[in-house]
Amino acid sequence: MALKPVRKGFAPETWASLRPFGVGLRRPNNFAEVFRALLENRDNLGYAWRILREGVCDGCALGTAGLRDWTIGGIHLCNVRLRLLRLNTMGPMDAGLLADVAALKRKSSAELRALGRLPYPLYRRRGEAGFTRISWDEALDRIAWRLMRTSPDRMGFYLTSRGLPNETYYVVQKAVRALGSNNIDNAARLCHSPSTVALKASLGVAATTCSYRDLIGTDLVVFFGANPAVNQPVMMKYLYYAKKAGTQVVCVNPYQEPAMARYWVPSSLESALFGTKITDRFFLVAPGGDAAFLVGVMRHLIEQGWLDEAFIQEHTTGFEAVRAQALSSEWGRLEEASGLSRREMLEFALLLARAPRAVLVWSMGITQHALGEEAVQAIINLALARGYLGREGAGLMPIRGHSGVQGGAEMGAYATVFPGGVPITPESAAALSEAWGFPVPSTPGLTAAEMLEAGLEVLWSIGGNFLETLPSPAQAEAALARVPLRVHQDIVLTPQMLLEPAEEVFLLPATTRYEIPGGCTETSTERRVIFSPEIPGPRIAGARWEGRVFRELLERMGLGQRLAFENTQAVREEIARVVPFYDGIQHLKAAGEAFQYGGAHLCPKGVCPTPDGRARFRPVAVDPPPLPEGAFRLVTRRGKQFNSMVHEATDPINGAPRDAVLMSPEDCFRLGLAPGQQIWLQNEHGTFAGQVFVAPVRPGSLQVHWPEGNALLDPQKRSPKAKVPAYKEGYVYVHKKPPQGQDPHQAAAG
């Protein structure tokens with residue numbers, strides 16, 4: 001059965017407004033972003049244009065190459081990529097500002113980034129006011145000397161997804177294992193690790209099972225805990241064409257995201273003029289209630305006979321346990337846990353029953369819970385019950401927010417797996433040792449959150465900012481301040497670099513992906529491995545590619561033969577040998593060249609790479625943590641930002657300032673609060689000073705921006721298997737006055 005064709009010409013039934021270009025309406029102004037980018041990069045426009053035209057996007061993981069992709073024709077250029085462009089084109093900062101960091105500590109992350117690129121290696125000892133210049137040779141000599149005297153279990157390495165390519169992830173993780181440690185982790189841990197765990201256990205794969213093309217013309221697309229309008233804007237063009245093909249779009253989320261209701265796609269004349277109605281139906285689920293909602297939906301599917309019985313019989317195991325759980329679950333309990341009624345569960349089940357094909361998409365609203373793996377499994381169960389696997393127009397899509405996270409884990413830059421996503425066991429360590437020619441540690445290492453709790457002697461952070469990305473900034477700061485040697489390798493300054501050294505701190509300037517000699521690759525959400533060439537342009541003389549840095553480091557330690565890569569082409573050739581499903585990466589050499597590992601659909605015709613070829617159903621836990629009397633459930637959310645890099649003080653889509661507390665109209669009325677009123681949120685972990693912002697959120701829940709709201713999160717709460725921090729899970733009490741004993745000026749604030 002072919003996908004439904006995209007209707008040609010204008011389709012007025014999809015229009016969001018008759019106002020040309022949405023004049024006077026609150027919406028993302030993508031045209032303004034173009035002019036802003038021109039202004040920001042006016043001193044380097046030629047280089048900026050070459051990056052846009054030839055490079056692979058370093059924003060989200062949809063993976064456009066240049067200004068185009070492999071899904072639809074036309075130009076694709078999103079505002080996220082335009083905002084990140086300046087990081088690649090700006091010149092060096094005045095390193096003299098680092099001679100005394102006292103003044104810099106008062107600056108925000110955005111202000112620190114705006115100072116410019118790190119120009120050369122810098123060094124600071126405890127008790128010194130700031131940093132002094134140091135040569136690369138001396139820096140690496142000192143670091144090598146310290147590493148040689150440090151037990152492998154007392155060193156930790158973390159990589160963010162800041163445009164890092166597959167080659168960097170692979171070289172660094174191999175270097176860390178050459179040092180005898182598995183204490184290496186990356187940003188995938190903090191985002192989609194529950195997706196990896198649940199998908200691997202159920203399907204034998206750990207990635208999106210379908211392609212972006214399957215979104216356009218399928219019967220139904222469901223977004224669970226995802227907001228691509230903000231985080232993956234290129235997808236909105238796919239959804240524009242999907243709507244013109246008659247595809248229904250549904251969102252399950254605690255907040256009715258305005259840009260998912262209607263969106264103006266700038267590169268389409270029709271959508272740019274009149275906007276596009278995106279979502280046909282919103283289901284306002286309670287935070288953490290997704291699994292309960294989906295168990296209720298499953299019960300309706302079973303009771304109404306709306307299952308794909310043939311698929312279940314031929315391609316799955318374990319359904320009887322899921323059937324038993326669903327039929328024995330009390331409706332009242334499911335309604336209370338999900339925040340949605342039995343009737344709403346039936347309405348959702350009916351949407352599925354009427355959709356022979358559907359793509360189920362989810363993101364961090366699902367994964368960042370203590371029961372994150374359970375929620376992902378509930379989505380998988382639903383897809384298996386309806387046979388949405390291994391065929392055109394159907395599949396499971398954990399959509400990635402950053403360009404490096406898919407490849408980062410698959411390259412093995414992960415505390416719990418080796419390259420290829422192979423679990424760390426004595427047997428897999430022995431096999432990798434034979435392939436590499438040196439002993440590889442055989443026990444899992446420390447995850448990102450665990451590193452700061454382990455009493456490390458050395459912490460090497462490539463990108464990232466633990467002060468903003470981990471729960472409880474105060475605890476993260478205290479832990480960082482105790483690490484004797486910290487190495488921060490990045491392109492710009494971040495607040496964690498300015499913390500007082502326990503003994504010593506090194507700042508090492510890195511290259512961007514567009515500066516890496518020999519080019520590099522990225523893996524997109526749809527498993528497409530894409531070549532991004534080195535792009536001629538100005539360079540920061542003191543910056544070096546991370547792979548080169550670790551190679552020279554190991555040479556100083558007498559381990560150079562373990563990392564003897566002449567160039568990135570040699571890295572790709574080894575990746576092809578060590579990670580079989582990446583075979584083909586060694587042939588990518590020119591801009592835009594790519595291949596999609598596994599083909600358009602994983603688990604073709606429902607056959608999975610499991611021992612018996614079958615997918616696994618599994619019953620799931622449905623009860624979110626109990627809520628104390630008088631408390632609200634708390635969710636952290638993104639605004640106008642990329643990862644923790646905040647781009648605007650006010651979200652242009654919903655008008656919320658960074659200190660906004662999103663609250664339902666019902667709760668505002670019940671508490672006697674007015675829009676803009678100052679309030680304080682408090683729990684056992686911290687206090688947040690904010691202002692009331694009335695929004696269509698689930699009653700009984702509140703939302704605050706991340707990372708500003710991290711002070712309210714429990715740093716010990718994380719999922720048991722994937723160990724993802726529970727960023728979307730907490731509770732708070734609302735106060736109209738500063739809580740007793742709390743200085744309002746010292747409360748966390750946006």
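Is Asp141 buried, partly exposed or exposed? Select it in the viewer and keep in mind, as you go, that this is a predicted model. With a relative accessible area of 41%, Asp141 counts as partly exposed, because buried would mean under 20% and exposed over 50%.

**First stop: a salt bridge at Asp141**

Keep Asp141 selected and add Arg556, since the side chains of these two residues meet in a salt bridge, at 2.7 Å from N to O. Asp141 lies in helix H5 (residues 136-148) and Arg556 in helix H24 (residues 546-556), so the pair ties together parts that are 415 residues apart in sequence. Arg556, like its partner, can be coloured as partly exposed, with a relative accessible area of 27%.

**Second stop: the salt bridges around helix H1**

The structure holds 43 salt bridges, and the next one to display is that between Lys4 and Asp219, whose side chains meet at 3.6 Å, N to O. Lys4 is found in the segment before H1, while Asp219 sits in the loop between helix H7 (193-203) and strand E5 (220-224), so this pair ties together parts that are 215 residues apart in sequence. Lys4, at 28% relative accessibility, counts as partly exposed, whereas Asp219, at 15%, counts as buried.

Now select Glu648 and Arg36, which form a salt bridge with their closest N and O atoms 3.3 Å apart. This pair links distant parts of the chain, with Glu648 in the loop between strand E24 (645-646) and strand E25 (660-663) and Arg36 in helix H1, 612 residues apart. Both residues are partly exposed, Glu648 with a relative accessible area of 25% and Arg36 at 33%. If you then add Glu33, Glu40 and Arg83 to the selection, you will have a network in view, for salt bridges that share partners join Glu33, Arg36, Glu40, Arg83 and Glu648.

**Third stop: a nonpolar patch on the surface**

Stay with helix H1 and switch to a surface display. Phe21, Val23, Phe31, Val34, Phe35, Leu38 and Leu45 make a nonpolar surface patch of about 640 Å². Which helix gives the most to the nonpolar patch? That is helix H1 (residues 30-40), with four residues. One residue to pick out here is Phe31, which lies in helix H1 and, at 39% relative accessibility, counts as partly exposed.

**Fourth stop: strand E17**

Next, select residues 504-509, which form strand E17; six of its six residues are buried, so the strand is largely enclosed by the rest of the structure. In a regular strand the side chains alternate between the two faces of the sheet. Showing the side chains of E17 makes its two sets visible, with Glu504, Phe506 and Leu508 pointing one way and Val505, Leu507 and Pro509 the other way, all of them buried.

Add the partner strands in turn. Strand E1 (residues 122-125) pairs with E17 in the antiparallel sense over four bridges, and strand E16 (residues 485-490) pairs with E17 in the parallel sense over six bridges. Phe506 is a useful residue to centre on, as Tyr123 stands opposite Phe506, and Phe506 is also the bridge partner of Val487.

**Fifth stop: a three-stranded sheet and its helix**

Move on to an open sheet of three strands, in the order E18-E19-E20, with antiparallel pairing. Strand E18 (520-523) and strand E20 (594-596) stand at the edges, each with a single partner strand, so one side of each is left without a neighbour in the sheet. On average, and with direction ignored, neighbouring strands of this sheet are turned by 20° against each other. Strand E19 (residues 528-532) and E20 are paired in the antiparallel sense over three bridges, and Val529 has Phe595 in E20 as its bridge partner. Helix H6 (residues 166-178) packs on this sheet, where it touches E18 and E19, and its direction makes about 95° with that of E18.

**Last stop: helix H25**

Finally, select residues 568-578, which form helix H25; eight of its 11 residues are buried, so this helix is largely enclosed by the rest of the structure. The buried residues are Thr568, Gln569, Val571, Arg572, Glu574, Ile575, Ala576 and Val578. What covers the buried residues of H25? Among the covering elements are H6, helix H20 (426-436), E18 and E19, which brings the tour back to the sheet strands and the helix of the previous stop.

Definitions and conventions
Residues numbered from 1 in each chain as written. Predicted model: local features only at pLDDT ≥ 70, side-chain atom pairs only at ≥ 80, totals over all residues. Heavy atoms only, no water. Patch = residues over 30% accessible without salt bridge, like charges linked within 9 Å, V, L, I, M, F, W, Y side chains within 5 Å. Areas by Shrake-Rupley, 256 points an atom, 1.4 Å probe, with all protein chains shown as cover. Salt bridge = Lys/Arg side-chain N within 4 Å of Asp/Glu carboxyl O. Buried < 20%, exposed > 50% of the residue type's maximum accessible area, 1.4 Å probe, protein only. Pairing = 2+ DSSP bridges. Axes fitted to C-alpha atoms, helices over the stretch in contact; angles between N-to-C directions. Contact = heavy atoms within 4.5 Å.
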